[in-house]
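User: I'd like to learn how to read a few features off a model. Can we start with burial and work outwards from there?

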Amino acid sequence: MSTPLKGSCYCKSVTYAVSGAPVLSAFCHCTQCQRLAASPFVHTIHFEGSAVVWTHSEPHDDRLDTFVNPIKPWKTRYRCKNCGVCVASRNSKTGSCSVWGATLERDEDGKIKAWDVVKPTAHIFYGTRMLEVNDELGKWEGYEGKSNRVA
């Protein structure tokens, strides 16, 4: 990806840019994502940690709230203090950073820019799904290629 992708929370108070190719792009059906997003699944896009940078003005703590997952304390989620939208997550075990597809910049037709780069390749943690998804993507018990296929 030659041009960084941009993203933001709903109110655009928190902004970020990502560069490079994703390490993983999938629809995550894990119970943690379901509960934290209040949704059946999320489009999670994992990048190397250095690929994600905040682009809103500093100090960043004035705009960002953090939540350390008590079940997985190596995962910190970042959300906007103003509108409450969760925009990213850092994993201190792997050094990776995740952003959610819905927060990425859109074109004039409402489509996510550079969709061909960030489109999901699988459904992960599909065993805990809340609904069936009938598409051509592989369904995995855990991470794609690192767990058993469900369907």
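Analyst: Sure. Keep in mind that this is a predicted model. Start with Tyr78: its relative accessible area is 16%, so it counts as buried, the cut-off being under 20%.

User: How many aromatic pairs are there?

Analyst: A pair of rings is described by the distance of the centres and the angle of the planes. Here the count is three aromatic pairs. One of them joins Trp54 and Tyr78: the ring centres are 5.7 Å apart and the planes sit at 65°, so this is an edge-to-face pair.

User: Which strands do Trp54 and Tyr78 lie in?

Analyst: Trp54 belongs to strand β5 and Tyr78 to strand β7 (residues 75-80), so the contact ties together parts 24 residues apart in sequence. Another edge-to-face pair is Phe125 with Tyr143, at 5.1 Å centre to centre and 80° between the planes. Phe125 is in the loop between β10 (122-124) and β11 (138-139), while Tyr143 is in the segment after β11, so this pair links parts that are 18 residues apart in sequence.

User: Are Phe125 and Tyr143 buried or exposed?

Analyst: In between. Phe125 is partly exposed at 23% relative accessible area, and Tyr143 is partly exposed too, at 31%.

User: Which charged residues sit over rings?

Analyst: Lys93 has its charged end over the ring of Trp74, 3.7 Å from the ring centre. Lys139 lies over the face of Tyr126, at 5.9 Å from the centre of that ring.

User: Back to β5. How do I read the sheet order?

Analyst: Strands of a sheet pair through backbone hydrogen bonds, either parallel or antiparallel. In this case three strands make an open sheet, ordered β1-β2-β5, with antiparallel pairing. β1 (5-8) and β5 (52-54) each have a single partner strand, so they stand at the edges with one side lacking a neighbour in the sheet. On average, neighbouring strands here are turned by 25° against each other, ignoring direction. Between β2 (residues 15-18) and β5 there are three bridges, and Tyr16 has Trp54 as its bridge partner in β5. That's the Trp54 from the pair with Tyr78.

User: What about β4: how many of its residues are buried?

Analyst: Six of the seven residues in β4 (residues 42-48) are buried, so the strand is mostly covered. Five bridges join β4 to β3 (residues 24-28) in the antiparallel sense, with Phe27 partnering His43. Another five antiparallel bridges connect β4 to β9 (residues 96-100), where Ile45 stands opposite Val99.

Technical notes:
Residues are numbered from 1 along each chain as its sequence is written. This is a predicted model: local features need pLDDT of at least 70, side-chain atom pairs count only at pLDDT 80 or more; totals for chains, interfaces and linings use all residues. Side-chain values use heavy atoms; hydrogens and water are left out. Two strands pair if DSSP finds at least two bridges between them. Helices (H or I, at least four residues) and strands (E, at least two) are DSSP runs, numbered from the N terminus. Axes are lines fitted to C-alpha atoms, for helices over the stretch in contact, and angles run from 0 to 180 degrees between N-to-C directions. Rings of Phe, Tyr and Trp (its six-membered ring) pair if their centres lie within 6.5 Å; planes under 30 degrees apart count as stacked, over 60 as edge-to-face and the rest as tilted. Buried means under 20% relative accessible area, exposed over 50%, partly exposed in between (1.4 Å probe, protein chains only). A charge sits over a ring if NZ of Lys or CZ of Arg is within 6 Å of the ring centre and within 35 degrees of the ring normal.
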